[in-house]
Amino acid sequence: MRPFLLLFIIMPILEMWVLIRVGEEIGALPTIGLVLLTAVVGLALLKRQGLSTILRAQQKMAVGELPAQEMAEGIFLAVGGALLLTPGFITDAIGFACLIPGIRHLFLGKLLSHVVVVRGQGYPPGGDHAPGSQSQPGKDRPHDVIEGDFKREDDNKNQR
């Protein structure tokens, strides 16, 4: 938790320092213009890359594959888009790194090399959990035994 706290304290200070230095060199209005330009260009790139990633994910799901890489890319794109909307040149540089496919794939390759994707078994077709199934708990699945006592209270209320 501490690295994030430090990041939220140090990053705005660094951004202000860079914005002030750039403003001293090129002026306040051009600096504001650059910040706005990076946001507009970044959002256009985000839209294009996001649509491409969504289409690839849909294609993989259509053939029954898990779109793990596309999901990770979606996270990178969301983070990159948020960073590009944040005013500042440091966050813009990191945001563009998340949106540029070559750099993003480099980061994703390193990240996904540490991730193991496990596909769940789910419910078997026609198994105990399928609607209208006829399986018997003691026969097909011996671990479905639930023991307990009960007392019907609605009979007592009807007698009054």
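Biologist: Which helices do the buried residues of α4 pack against?

Modeller: In this model, which is predicted, the buried residues of α4 pack against α1 (2-26), α2 (28-62), α3 and α5 (101-112). The residues of α4 that count as buried are F89, T91, D92, G95, F96, A97, C98 and L99.

Biologist: What makes α4 a mostly covered helix?

Modeller: The description rests on a count, since eight of the eleven residues of α4 are buried, and a residue is called buried when its relative accessible area is under 20%. For the chain as a whole, which has 160 residues, 21% count as buried.

Biologist: Why is T91 called buried?

Modeller: T91 has a relative accessible area of 5%, and the cut-off for buried is under 20%, so T91 is classed as buried. T91 lies in helix α4, and, leaving aside residues up to four places away in sequence, T91 touches M11, E15, L83 and T86. Of these, M11 and E15 are buried residues of α1, as is V18, and the buried residues of α1 pack against α4.

Biologist: Why does G50 count as buried?

Modeller: The relative accessibility of G50 is 15%, and buried begins under 20%, so G50 falls on the buried side of the cut-off. G50 is placed in helix α2, and its C-alpha atom is separated by 9.1 Å from that of L99, although G50 and L99 are 49 residues apart along the chain. Pairs with a wide sequence separation matter to the contact count too: of the contacts in the chain with a separation of 6 or more, 56% are between residues 24 or more positions apart.

Biologist: How do you know that α3 and α4 are roughly antiparallel?

Modeller: Two packed helices are described by the angle between their axes and the distance between the axes. Helix α3 (residues 68-85) and helix α4 (residues 89-99) pack at about 155°, with their axes 8 Å apart; angles over 145 degrees count as roughly antiparallel, and α3 and α4 therefore receive that name. Their crossing is left-handed. The contact joins F76, L77, G80, L83 and L84 of α3 to T91, D92, I94, G95, F96, C98 and L99 of α4, and the residues involved divide into eight nonpolar, three polar and one charged.

Biologist: What makes the pair α4 and α5 roughly perpendicular?

Modeller: The axes of α4 and α5 are 5 Å apart and the packing angle is about 85°; since 65 to 115 degrees is the range for roughly perpendicular, the angle places α4 and α5 in that class. On the α4 side the contact is made by A97, C98 and L99, and on the α5 side by P101, I103, R104 and F107. By class, these residues are six nonpolar, no polar and one charged.

Biologist: Why is α1 called oblique to α2?

Modeller: The axes of α1 and α2 come within 7 Å and cross at roughly 125°. That angle is neither under 35 nor over 145 degrees, and it is outside 65 to 115, so what remains is the oblique class. α1 passes α2 in a right-handed crossing. L19, V22, G23 and I26 in α1 meet A28, P30, T31, L34 and V35 in α2, a contact whose residues are seven nonpolar, two polar and no charged. Following α1 in the sequence is G27, which has a positive phi, near 105°.

Biologist: How do you know that the span of α3 agrees with what is expected?

Modeller: The 18 residues of α3 should span 26 Å at 1.5 Å a residue, and the end C-alpha atoms are 26 Å apart, so the two values agree. A like check on α1 gives 36 Å from first C-alpha to last for its 25 residues, close to the expected 36 Å. The buried residues of α3 are E70, A72, E73, F76, L77, G80, G81 and L84, and what covers them includes α2, α4 and α5.

Biologist: What pattern does the chain follow when read along the sequence?

Modeller: The chain has seven helices and zero strands, and its pattern reads α-α-α-α-α-α-α.

Notes:
Residues are numbered from 1 along each chain as its sequence is written. This is a predicted model: local features need pLDDT of at least 70, side-chain atom pairs count only at pLDDT 80 or more; totals for chains, interfaces and linings use all residues. Side-chain values use heavy atoms; hydrogens and water are left out. Axes are lines fitted to C-alpha atoms, for helices over the stretch in contact, and angles run from 0 to 180 degrees between N-to-C directions. Helices (H or I, at least four residues) and strands (E, at least two) are DSSP runs, numbered from the N terminus. A crossing is left-handed if the near helix is turned anticlockwise from the far one by less than a right angle, and right-handed if clockwise. Contact means heavy atoms within 4.5 Å. Ala, Val, Leu, Ile, Met, Phe, Trp, Tyr, Cys and Pro count as nonpolar, Asp, Glu, Lys and Arg as charged, and the others, Gly among them, as polar. Buried means under 20% relative accessible area, exposed over 50%, partly exposed in between (1.4 Å probe, protein chains only). The expected span of a helix is 1.5 Å times one less than its number of residues.
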